[in-house]
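Hi there,

Here is the structure I promised to pass on to you. Have a look at it first, and then read on at your own pace.

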Amino acid sequence: MGIVEIIIIGFSLAMDAFAVSLSKGLASGKYKIKNSLICGIWFGGFQMLMPLIGCFLGERFASSIQSFDHWIAFVLLSLIGSNMLKEAFSDEDDEDASASYGVKAMFPLAVATAIDALAVGITFAFLGVNIWLAISIIGVITFITSGLGVKIGSIFGEKYAKRAEIAGGLLLILMGIKILIEHLGLI
């Protein structure tokens with residue numbers, strides 16, 4: 001997996017955090033750069049931590065499942081992407097859009113938006129991805145998109161949250177398909 005694919009995955013994973021940041025910006029009303037930094041640090045930090053944990057877990061089991069790891073990568077990415085699409089089209093609002101930026105509000109949101117990244121980290125282990133480069137890219141992308149999400153949310157509201165989740169879900173599914181097709185030698 002090359003750097004372009006890691007960047008695409010980084011943007012895909014960042015979409016949940018971006019959508020929550022939009023909601024936070026909407027709930028906060030007036031924009032403050034401090035709120036963008038808080039969201040960026042929480043969401044970017046957890047988007048770095050979870051794939052790292054996933055990668056270490058995946059490495060423990062990689063040798064025993066090496067013959068079908070591409071199928072696992074495909075299934076995990078497809079499931080994550082499908083779940084993002086399901087959430088985007090759902091009328092339920094799972095995220096707490098309160099105006100609080102304290103630990104009690106941000107910790108559960110950061111964990112919830114980064115759970116998908118844990119599974120991606122497992123996939124990284126199977127594919128032999130440089131985890132330090134990958135988590136750095138993912139963390140920076142999430143930091144920036146989350147910070148922008150607060151700003152945009154304070155201006156435009158939730159108008160683009162569903163579109164961001166749809167784009168992220170589709171990109172993850174396509175990445176899973178690409179991994180499978182490459183491994184099967186079809187391209």
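Below is what I found, starting with the whole chain and ending with a few residues to look up.

Please keep in mind that this is a predicted model.

**The whole chain**

The protein chain has six helices and zero strands, so its pattern along the sequence reads α-α-α-α-α-α. It holds 187 residues, and 47% of them count as buried. The chain exposes about 9100 Å², with carbon and sulfur atoms supplying 69% of that area. Contacts often reach across the sequence: if you take those between residues at least 6 apart, 93% join residues at least 24 apart.

**Helix α1**

How far apart should the ends of α1 be? This helix covers residues 3-28, which makes 26 residues, and at 1.5 Å a residue they should span 38 Å. In the model, the C-alpha atoms at its ends are 35 Å apart, which agrees. The helix does have a kink of about 40°, centred on M15. After α1 comes G29, whose phi is positive, near 80°.

**The core**

In soluble globular proteins, nonpolar side chains tend to be buried together. Here, the largest nonpolar core has 32 residues, and F43 and F124 are the ones with the most contacts inside it. Four helices each supply at least two residues of this core: α1, α2 (33-61), α4 (103-127) and α5 (131-156). Of these, α4 gives the most, with nine residues.

F43 is a good place to zoom in. Leaving out residues up to four places away in sequence, F43 touches A17, V20, S21, M106, L109, A110, T113, T142 and S146.

**T142 and G45**

One of those partners, T142, lies in helix α5. Is T142 buried or exposed? Its relative accessible area is 0%; buried means under 20%, so T142 is buried. Beyond its neighbours within four places in sequence, T142 is in contact with G10, A14, A17, F43, G44 and Q47.

Now compare G45, which is found in helix α2. G45 has a relative accessible area of 32%, and because that falls between 20% and 50%, it is partly exposed. Along the chain, G45 and T142 are 97 residues apart, yet 8.5 Å separates their C-alpha atoms.

If you would like to try the viewer, start with F43 and T142, which touch each other.

Best wishes

Methods
Residues numbered from 1 in each chain as written. Predicted model: local features only at pLDDT ≥ 70, side-chain atom pairs only at ≥ 80, totals over all residues. Heavy atoms only, no water. Expected span 1.5 Å × (residues − 1). Bend = angle between axes of the 7 residues up to and from the residue. Buried < 20%, exposed > 50% of the residue type's maximum accessible area, 1.4 Å probe, protein only. Contact = heavy atoms within 4.5 Å. Areas by Shrake-Rupley, 256 points an atom, 1.4 Å probe, with all protein chains shown as cover. Core = buried A, V, L, I, M, F, W, Y, C linked by side-chain atoms within 4.5 Å.
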